[in-house]
Amino acid sequence: MLDTLHRIVNDVNGAPDLEGALQMIVSGVKQAVGADVCSVYLTDFDARTHVLKATDGLRQEAVGKVTLPLGRGLIGLVTERAEPLNLADAPGHPRYLRVTETGETEYRGFLGVPIIQNRRVLGVLVVRQRQPREFSDDEVTFLFTLAAQLAGAITHARASCELTALASSDERLNRFLEGRASSSGVVIGQAVVAYRLADLDAVPDRPAEDPQAEETKFRAAVAAVEQDLRRLKDQLADTLPAEDHALFDALLLMLASDMLVEHTIERIRTGIWAPGALRHTIAAHAAVFDAMEDIYLRERASDVRDLGRRILMHLQSEDVTPPEFPERTILVGDEVSAVQLAEVPRERLAGVVAASGSSSSHVAILARGMGVPAVMGVTDLPVSRVEGRQLIVDGYRGRVYVAPPPAVLAEYERLVGEERELSAELDALRGLAAETLDGIEVPLLLNTGLVNEVGSQAIDEAQGVGLYRTEVPFMIRDRFPGEGVQTANYERVLESFAPRPVILRTLDIGGDKPLPYFPVVESNPFLGWRGVRISLDHPEIFLTQVRAMLRASANFNNLQIMLPMITSVTEVDELQLLIQQAHDELLDEGFVVDMPPVGVMVEVPSAVYQVEELARRVDFLSIGTNDLTQYLLAVDRNNPSVAEIYDDLHPAVLRAVDQVVKGAHAHGKPVGVCGELAGNPLATALLIGMGVDSLSMSAGSLLKVKWVLRSISRARARQWLKAALRMESASQIRAFMEANLDKIGLGGLYRPGK
Ligand code: PEP
Ligand code: MG
């Protein structure tokens, strides 16, 4: 049975369309269980019916025509109960409904199993038998297992088919595709699919008529790609800081490597034409990266394929004209590479949507840096069918609408308009004090990782940097940056904000932030070797970084050092000794630099319970609510399947934050929040009520949070906090805080839904 199951699932995954997929299912199942009939009914949620979508055994003419009202008959019963129904003699059941159009008059045995995804019953898979027959447990579990595996394939096929149907009908998709919200903002634009021109996989194998000529053509194509990359690198110079160009250097290195060029030429010399030889080389090298467990390294496979397609484009045509980009281009692809992103003129790039990738992909980092909404990991995205279509990208909620219906479009147009109006209102707050109605000042600080990502307005607005994620410049290189490179980088950040304080966080790699040149292969990366655990095991990496930070601060004296992922006091003691060592070394070398304040992040439950011991040892604390939420709720922060459960307004998270603030203050130490919660206007009053000393957030949140801050008093914030801390669920707290913001006229600050 297992073999049959795998075969059916494989066939279905490769089916060209939904009808084809369903037909394979019904025929495969009918044969496997020796039934007289197998059919699939899918639920049409809009029309509130179950529709016969495929059958083997009933009349084919009935397919697509026979519908049952939602909740009627045995199909309705299976849907309602969301569990299998196995009846030896179906006509005897009180819910039995005779359907004559299908020709089903004589059937007695009935087994129906629901097809469920994300708690929704998408349809019912049914087998029927003329004779009374109770299906065996094995048969029930076979159908059950199959249905569970098919749900994803059906959703995917459905999304693709609905799009095709759009070409010939006025019907529009109400539904949206879901992915990871990777860069916030809402945009309406037109899809441009990356790389329609060169499909490497479609290149056939052919003999080379003249291997020498093929080799020359290939070398010319590689040279042309090299030129393109250099041009794109220059083009990006205005948008991104020099440190990010390292990415292009890595691609250029890859292009020049033996792996790519020499291996292809070797193949050409064996008598294969250049495109075929290239296809083999790229497939072999991409497969090596694909097989790696590490997400970051897996993403290098897309860089390899990207280079392959570029070379192919030049091989196929000597005159490669770049595609036309509409005014509001939404770049869409199975994989979108950073190079493709760079190809779109900055003023035309409105959004990014990719079927693969996560919020830690290069492209997501770049999109955030450019302030362009992005949704990654939209696994159901039918890339080949969206070219030129209108898209809505909701980078807040990780949603993408393809050819949206007028009502959805109108709603999003309203939201885009509101965002614009809101930003005008927010602009009026620039330069005003970040203080409550009763005059309590709460510094609003910036979270950043790329200096140039932050515009000068945000630099002026923020009262310092509350979290500089040093791993970002490490992630876009192909080796560890040395002390000199790091010093120059930190100097730029410290100088931009001096004399305001800048908190540089020591390297927090591992987890979802792997380095391409320092692979860590673990089955549980978030519970593994990450953050200060790596720093302690590799003091040379830590010491180099701390020396660079200290040297950078010599002229500005506004540095604070923060240690991530602290789980016990010994880590702090040992790291403080290393910081001391770096400081002593520099003094010995003649540098004049003060010892900076050192703080820890509280982002692991153990640190919450040991906050007092930690507070005694350090100069400040900062709560990382992103990881704290992940660890308190046991929810991988990057896993779309459990994204619904990840909620930083969960009462457990708020109570933990409250406890940390109290613990820090008991020892007279300041405590800030630097996770996403700090930039959420719904949480501002709660955090102020707790007495949090500073809030650190991305540039886009600064003015929103300031608005809330300036609209409440500490007393009112405390009242709201007291009520919220008694609530039992995140949804209650969210609704309560939304109502509160509405009451003070700030309802426009929170996004509908979430
Ligand atoms: C956090 O965990 O809340 C945090 C600010 O750090 P990061 O998101 O970089 O893990
Ligand atoms: Mg963290």
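This is a short walk through the structure, from the whole chain down to a ligand and a metal ion.

**Stop 1: the whole chain.** Before you click on anything, keep in mind that this is a predicted model. Show the chain as a cartoon and you'll be looking at 26 helices and 22 strands. Colour by burial next: of the 754 residues, 57% are buried. Switch to a surface and about 31200 Å² is exposed, with carbon and sulfur atoms supplying 49% of that area. If you like contact maps, take the contacts between residues at least 6 apart in sequence: 67% of them join residues at least 24 apart.

**Stop 2: ligand 1 and its shell.** Now select ligand 1 and bring up its neighbours. You should get 14 residues around it, and the closest are Arg-469, Arg-505, Lys-513, Asn-626 and Arg-637. Colour the shell by class and you'll find seven charged, four polar and three nonpolar residues.

Which elements should you highlight here? Strand E16 (465–469) and helix H21 (625–633) each put at least two residues into the shell. H21 is the top contributor, with three.

**Stop 3: contacts to the ligand's oxygens.** Zoom in and draw some distances from ligand 1.

- Start with Arg-469: an N or O atom of its side chain sits 2.7 Å from a ligand oxygen.
- Go on to Glu-603, where a side-chain N or O atom is 3.0 Å from an oxygen of the ligand.
- Finish at Asp-627, but turn the backbone on, as it is a backbone N or O atom that lies 3.0 Å from a ligand oxygen.

Then put a surface on the protein. On its own, ligand 1 has 290 Å² of accessible area, and the protein covers 99% of it.

**Stop 4: the magnesium ion.** Select ligand 2, the magnesium ion. What coordinates it? Glu-603 does, through OE, together with Asp-627 through OD, at 2.0 to 2.1 Å. The two residues come from distant parts of the chain, 24 residues apart: Glu-603 is in the loop between strand E19 (598–602) and helix H19 (605–609), while Asp-627 belongs to helix H21.

You've met both residues already: the side chain of Glu-603 also contacts an oxygen of ligand 1, and Asp-627 does so through its backbone.

**Last stop: burial at the metal site.** Are these two residues buried or exposed? Glu-603 has a relative accessibility of 2%, so it counts as buried. Asp-627 is buried too, with a relative accessible area of 2%. The cut-off for that label is under 20%.

Definitions and conventions. Residues numbered from 1 in each chain as written. Chains lettered and ligands numbered in written order. Predicted model: local features only at pLDDT ≥ 70, side-chain atom pairs only at ≥ 80, totals over all residues. Heavy atoms only, no water. Helix = DSSP H or I, 4+ residues; strand = E, 2+ residues; numbered from the N terminus. Buried < 20%, exposed > 50% of the residue type's maximum accessible area, 1.4 Å probe, protein only. Contact = heavy atoms within 4.5 Å. Areas by Shrake-Rupley, 256 points an atom, 1.4 Å probe, with all protein chains shown as cover. Near = heavy atom within 4 Å. Polar contact = N/O pair within 3.5 Å; in protein donor to acceptor, adjacent residues only side chain to side chain. Nonpolar A, V, L, I, M, F, W, Y, C, P; charged D, E, K, R; others polar. Donors = N, O, S within 2.8 Å, 3.2 Å for Na, K, Ca; no water.
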